[in-house]
Amino acid sequence: MPELPEVETVVRTLGPRIVGRRIVEVRALSRRVVPRPIGRAAGGTVQAVRRLGKHILVELDRGILDIHLGMTGAVLVNATPGPYTRAWFRLDSGTLIYNDPRMFGRIRFGKQAPAGLGPDPLEVGAGEFARLLGGRRARLKPLLLNQRFLRGVGNIYADEALFGAGIHPRALACRLSPARAGRLHAALVEVLEDSIARGGTSISDYVDAEGRAGYFQQRLRVYGRGGLPCLHCGTSIRRVVLAGRGTHYCPRCQRV
Ligand SMILES: [Zn+2]
């Protein structure tokens with residue numbers, strides 16, 4: 001599922017290709033992915049492409065196209081539409097298509113960017129991050145996934161950051177010492193930046209706007225490694241379901 005690094009990679013590859021282009025025609029091919037009409041985007045010129053959490057915002061002179069990739073969404077420039085194409089944009093030069101086999105993605109058009117999201121982990125400072133954690137009596141793993149608390153982090157990077165910081169996913173946020181909160185912030189920033197540098201993690205269908213896969217999956221230390229030896233201590237990585245999500249951790253290296 002695309003998270004902050006994958007969405008950032010899409011934004012970085014998409015922006016240079018479509019900024020300045022005008023949308024000439026819009027076709028929505030799925031009610032599920034495009035719940036409300038987006039035809040008003042036609043006629044708009046792309047001013048900027050930016051990331052807000054896991055959302056791709058295509059800013060037009062007449063509003064904002066908000067694209068959320070869900071689990072298997074992909075935005076591709078000048079690709080050929082196929083059976084999984086759910087939206088299609090003809091530009092004054094070229095095309096933009098949105099493919100999504102599982103259709104958990106959403107495309108919306110409106111005047112405003114989505115509201116109610118927490119701060120971006122790459123923008124919030126360590127002190128502020130520790131202060132936010134201190135106010136929450138919640139287990140860390142589900143808290144990190146809560147987009148209203150922090151925007152952009154999902155299952156992969158929450159597990160990787162907690163491992164990097166040596167903190168158990170069930171640990172209570174408000175009980176973390178300032179030093180451990182600082183380590184978690186540093187681990188989160190490190191894993192996100194490292195993944196962006198490698199074009200993100202390609203586990204299911206994720207590709208960037210040029211159709212290229214990322215290769216951070218080679219660097220994953222706990223995610224998807226249940227039953228395999230911890231790369232640090234050799235103990236079997238455990239996989240449990242926590243708040244409905246598969247969670248991977250080392251029972252020896254990660255402490256509550
Ligand atoms: Zn270990």
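Q: At what angle do the axes of helix 2 and helix 5 cross, and within what distance do they come?
A: In this predicted model, the axes of helix 2 (residues 126-134) and helix 5 cross at roughly 120° and come within 9 Å.

Q: Why are helix 2 and helix 5 called oblique to each other?
A: Angles of 65 to 115 degrees count as roughly perpendicular and those over 145 as roughly antiparallel. The angle here is roughly 120°, and helix 2 and helix 5 are therefore oblique to each other. Their crossing is right-handed.

Q: Which residues make the contact of helix 2 and helix 5?
A: Helix 2 contributes A126, F129, A130 and L133, while helix 5 contributes A181, L184, H185 and L188. By class, this contact has seven nonpolar residues, one polar residue and no charged residues.

Q: What makes helix 4 and helix 5 oblique to each other?
A: Helix 4 (residues 155-165) packs on helix 5 (residues 178-197) at an angle of about 130°, with the axes 8 Å apart. An angle must be over 145 degrees to count as roughly antiparallel, and the roughly perpendicular range is 65 to 115; helix 4 and helix 5 are therefore oblique. The crossing of helix 4 and helix 5 is right-handed.

Q: Which residues make the contact of helix 4 and helix 5?
A: On helix 4 they are Y157, E160, A161, L162, G164 and A165; on helix 5 they are R183, L184, A187, L188, V191, L192 and S195. By class, there are nine nonpolar, two polar and two charged residues in this contact.

Q: How do you know which protein atoms are donors of the zinc ion?
A: A donor must lie within 2.8 Å of the zinc ion. The SG atoms of C230, C233, C250 and C253 lie 2.2 to 2.4 Å from the zinc ion and are its protein donors.

Q: Why is the site of the zinc ion called tetrahedral?
A: Four donors count as tetrahedral if all angles lie between 85 and 135 degrees. The angles among the four donor atoms are 101 to 113°, and the site is tetrahedral. The ideal angle for four tetrahedral donors is 109.5 degrees.

Q: What spacing do the donors of the zinc ion follow along the chain?
A: The spacing is C-x2-C-x16-C-x2-C. C233 lies in the loop between helix 5 and strand 9 (238-242), and C250 in the segment after strand 10 (245-249), so this pair ties together parts that are 17 residues apart in sequence.

Q: What is the phi of M103, and what is that of A243?
A: Most residues other than glycine have a negative phi. M103 is not a glycine, yet has a positive phi of about 60°; M103 is in the loop between strand 7 (95-99) and strand 8 (106-110). A243, also not a glycine, has a positive phi of about 50°, and is placed in the loop between strand 9 and strand 10.

Note on methods:
Residues are numbered from 1 along each chain as its sequence is written. This is a predicted model: local features need pLDDT of at least 70, side-chain atom pairs count only at pLDDT 80 or more; totals for chains, interfaces and linings use all residues. Side-chain values use heavy atoms; hydrogens and water are left out. Axes are lines fitted to C-alpha atoms, for helices over the stretch in contact, and angles run from 0 to 180 degrees between N-to-C directions. Helices (H or I, at least four residues) and strands (E, at least two) are DSSP runs, numbered from the N terminus. Angles under 35 degrees count as roughly parallel, over 145 as roughly antiparallel, 65 to 115 as roughly perpendicular and the rest as oblique. A crossing is left-handed if the near helix is turned anticlockwise from the far one by less than a right angle, and right-handed if clockwise. Contact means heavy atoms within 4.5 Å. Ala, Val, Leu, Ile, Met, Phe, Trp, Tyr, Cys and Pro count as nonpolar, Asp, Glu, Lys and Arg as charged, and the others, Gly among them, as polar. Donors are N, O and S atoms within 2.8 Å of the metal (3.2 Å for Na, K and Ca); water is not among the atoms, so sites may look incomplete. Four donors count as tetrahedral if all angles lie between 85 and 135 degrees; four count as square planar and six as octahedral if opposite donors are over 155 degrees apart and all others between 65 and 115; anything else is irregular.
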